[in-house]
Amino acid sequence: MTQRTAYRTCPLCEATCGLELTVEDGRATKVRGDRRDVFSHGFLCPKGVAVTELHDDPDRLRQPLIRRGDRLVECTWDEAFAEVDRLLTPLLEEHGRDACGIYLGNPVAHAPGATIYAPVLAKALRSKNVFSASTLDQMPKHVSVGAMFGTALSIPIPDLDRTEHLLILGANPLASNGSLMTAPNARGRLRAIRARGGRVVVVDPRRTRTAEEADEHVRIRPGGDALLLIAMVHVLFDEGLTRPGRLAAFTDGIAEVEDAARPFAPERVAEHCGVPAADIRRLARDLATAPTAAVYGRIGTCTVPFGTVTSWLVDVLNVLTGNLDRPGGALLTTPATGAAHTRGEPGRGSGMRTGRWHSRVRSLPEAMGELPTSTMTDEIETPGEGQIRALITVAGNPARSAPDSDRLDAALAGLDALICVDIYRNETTRHAHVVLPPPSVLQRAHYDVVFTRLAVRNVANWSPPVLPMDDGALDEWEILLRLVGVVTGQGPRADVAAVDRFIALEAARREASVATSPVAGREPEEIVDALVDAAGTPRVGPARLIDLMLRTGPYGHGLADGYVPSPEPAGVDPSPEAVPAAAERHDVDTTLAAIRDHGLTLAALEAAPHGVDLGALRPSLPDALRTPSGSIELAPEAFLDDLPRLLATLDEPVDHDALVLVGRRHLRSNNSWMHNLPLLTGGPEPCTLQLHPDDAARLGIVDGATVTIASRAGEVQAPAELTDAIRPGVVSLPHGWGHDADGARLAVAGLRPGTNSNVLTDDSQVDPLSGTAVLNGIPVTVRAATREPVPAD
């Protein structure tokens, strides 16, 4: 028996934990946390342990599928792409580019091939009908920071390791492992805040795992976060607690924010947000007087009718208390591969624009080149010029993740062509005409292009493939580039290498045109030809582009040979007791000095299997601002214009007997794509309707009984779970379940299919500034089940 140890970053959630895998005779047999990983230090959640089950899952697709009549059958890659060409090329010629849409799912952000090349495919398609999971999750944050700081990824990250006061709204990082806040071992980091005398406050309708660890849990009414936050802003001005400090010199709009917050006194908003006025005032005072503090809001603050305004107010509080851009507050990252806020002229930029085009049917605005997923069904169903007749999905399951999903499911079944890049035959891909499966996560190289830009510490880690590709298989980036070949008219046998080199040359040309770039003025061919590995072999695919990003990023020296890590010391004891010693041996200051002297390259990361620590987050403003004014725009006009709508909600009566639905996260789940793994699906029934015992008594519902949950959009059934962990008047279903569709092949998930909560969400309800679906605070009724659920019309 041959045995070896492999290291890689876990790609199954945003925490980016280091894994140590035992490989025996070509099989990964054991997984544990990599104790020498510079970021996670051995921490591991159940998802990471299940990575081998994902690879070995018999339901994971290894060959392309093609539709023959009413069946999906295996075929060769050439047959699959020939069918894609047969379906798409005449359709695009006859009906135009907008006749084909594209949907990018959540896992796209977890794979460098998809992260880099799926946007290339979307651009090559030249369709306005681009959709993604972002408008089901996080777009309000992108829109708010884009307006305030100039780019969509200028997201201030809470400095968890140094803050003295953390205010969390609508987030459960102990279940999500952080979201738009990459933070392995969130529990340990939050406990460390309290251990050093700090304070953690969680605002959530449910007593989540995170709330249980907090000093205080504030049970807000769902959707009330915008009212709570603007009332806290009101208190800061009313009580003279604003302390922007050095930020005042480059912040515009403080007076306008003071005027806008004046009508939202805590006493006015208390009943509607469900937080007593005295508590609102105390929360504001505690935030303002803490030595350092950070406000952090996530999905519960985004997927509501005022998602963008709420996301904006999170950072308004960070600015007004002087906690933006300082250690212990909320700071921008300085990622190794660079970001829009690290490139170009310091303190100047073109800013972020939205609404450059609008959806055909409902005139919803574009943001980040995407239209809201909530209107994708409209665009498929509604005849006329620009109607979506074909759809490409990449790592997405919108039949379960999108609102009013029964309606979308039916629309997908009626498409002329559905092309899916996916590893499973799930509720969406069961309708496909062609399914193109990428290799497993253990067969692909990995670098977290996205999540290193959102991390609580600056780190970089490259992971080579743990296992070889199957014979004849295509890597994910090769699949996407063959699709690029089809949609650009090069045919199903396009020269992938030539397309890939063209993309690399274009990237090099852009870099060479930036005056501040370390490759400024160089010829693109010279740049690309210099991107080779340690043996001098030319790089290709994501590795080539990541090497380019590293060399031209904040730590890069262009085409210089770069930093060479010291060899890993022999005989390092990986036992738990040795972790502090191993951490001490990793001298961050020495590493940073060497990188600053010589530059960072992909070769350096290849020689550092446990990653490279680039240090704590550090102040970067005003240089990192990319607004046209060069200032923090604290009072964007569009956000102020939405406040009368928020103020009008205070005139609506509060019905204390009404029920509203919220979602919930589970540590063992990441949307719908991990429900087929035994390690993650055992234990208590995960898909229950949580409700408060007082509501249950009023409705005559007993624990464990099947109940019917109905909304304007539809109705479903689920077992009741009575718990005082949830606020009265609120009920909760987890997101991403409902694995009982005919034609799907998910054997494990099918044994415990759960309930599809998105049958209940209404795709007509969106945050108007970002187009993001309203998935929380859905009005529902709940009753004891006496019959089968009635499908929505």
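**Sheet, helices and loops in a predicted model**

Student: Across which strands does helix H18 lie, and at what angle does H18 run to E16?
Tutor: Helix H18, residues 476-487, lies across E15, E16 and E17, where helices (H or I, at least four residues) and strands (E, at least two) are DSSP runs numbered from the N terminus, and contact means heavy atoms within 4.5 Å. This is a predicted model, in which local features need pLDDT of at least 70 and side-chain atom pairs count only at pLDDT 80 or more, while totals for chains, interfaces and linings use all residues. Residues are numbered from 1 along each chain as its sequence is written, and side-chain values use heavy atoms, without hydrogens and water. With axes fitted to C-alpha atoms (for helices over the stretch in contact) and angles from 0 to 180 degrees between N-to-C directions, helix H18 runs to E16 at about 155 degrees.

Student: Which other helix lies across E15, E16 and E17, and at what angle to E17?
Tutor: Helix H3, residues 77-95, lies across these strands, namely E15 (390-394), E16 (417-421) and E17 (434-436), and also across E4 (65-68) and E6. The helix asked for is therefore H3, whose angle to E17 is about 125 degrees.

Student: What is the strand order of the sheet to which E16 belongs, and which strands are its edges?
Tutor: The sheet is open, has seven strands with mixed pairing, and follows the order E5-E4-E17-E16-E15-E6-E7, where two strands pair if DSSP finds at least two bridges between them. Neighbouring strands are turned against each other by 20 degrees on average, with direction ignored. The edge strands each pair on one side only, and they are E5 (71-74) and E7 (130-132).

Student: In which sense do E6 and E7 pair, and which residue is the bridge partner of leucine 104?
Tutor: Strand E6, residues 100-104, pairs with E7 in the parallel sense over three bridges. Within E7, the bridge partner of leucine 104 is serine 132.

Student: Is serine 359 buried or exposed, and which residues does it touch?
Tutor: Serine 359 sits in the loop between E14 (330-331) and H15 (376-381). Serine 359 has a relative accessible area of 4%, so it counts as buried (buried is under 20%, exposed over 50%, partly exposed in between, with a 1.4 Å probe and protein chains only). Not counting residues up to four places away in sequence, serine 359 touches Leu364, Leu371, Thr375 and Glu379.

Student: What is the relative accessibility of methionine 368, and what is its phi?
Tutor: Methionine 368 also lies in the loop between E14 and H15, and it is partly exposed because its relative accessible area is 36%. Most residues other than glycine have a negative phi. Methionine 368, although not a glycine, has a positive phi of about 55 degrees.

Student: Where is glycine 663, and how far is its C-alpha atom from that of serine 732?
Tutor: Glycine 663 is in the loop between E21 (659-662) and H26 (678-681), and its relative accessibility of 29% is why it counts as partly exposed. Leaving aside neighbours within four places in sequence, its contacts are Arg206, Ser732, Leu733 and Asn776. Although glycine 663 and serine 732 are 69 residues apart along the chain, their C-alpha atoms are separated by 5.3 Å.

Student: Which residue does a cis peptide bond join to proline 622?
Tutor: Proline 622 is in the loop between E19 (612-616) and E20 (632-633). The cis bond has an omega of about 10 degrees, and the residue that it joins to proline 622 is leucine 621.
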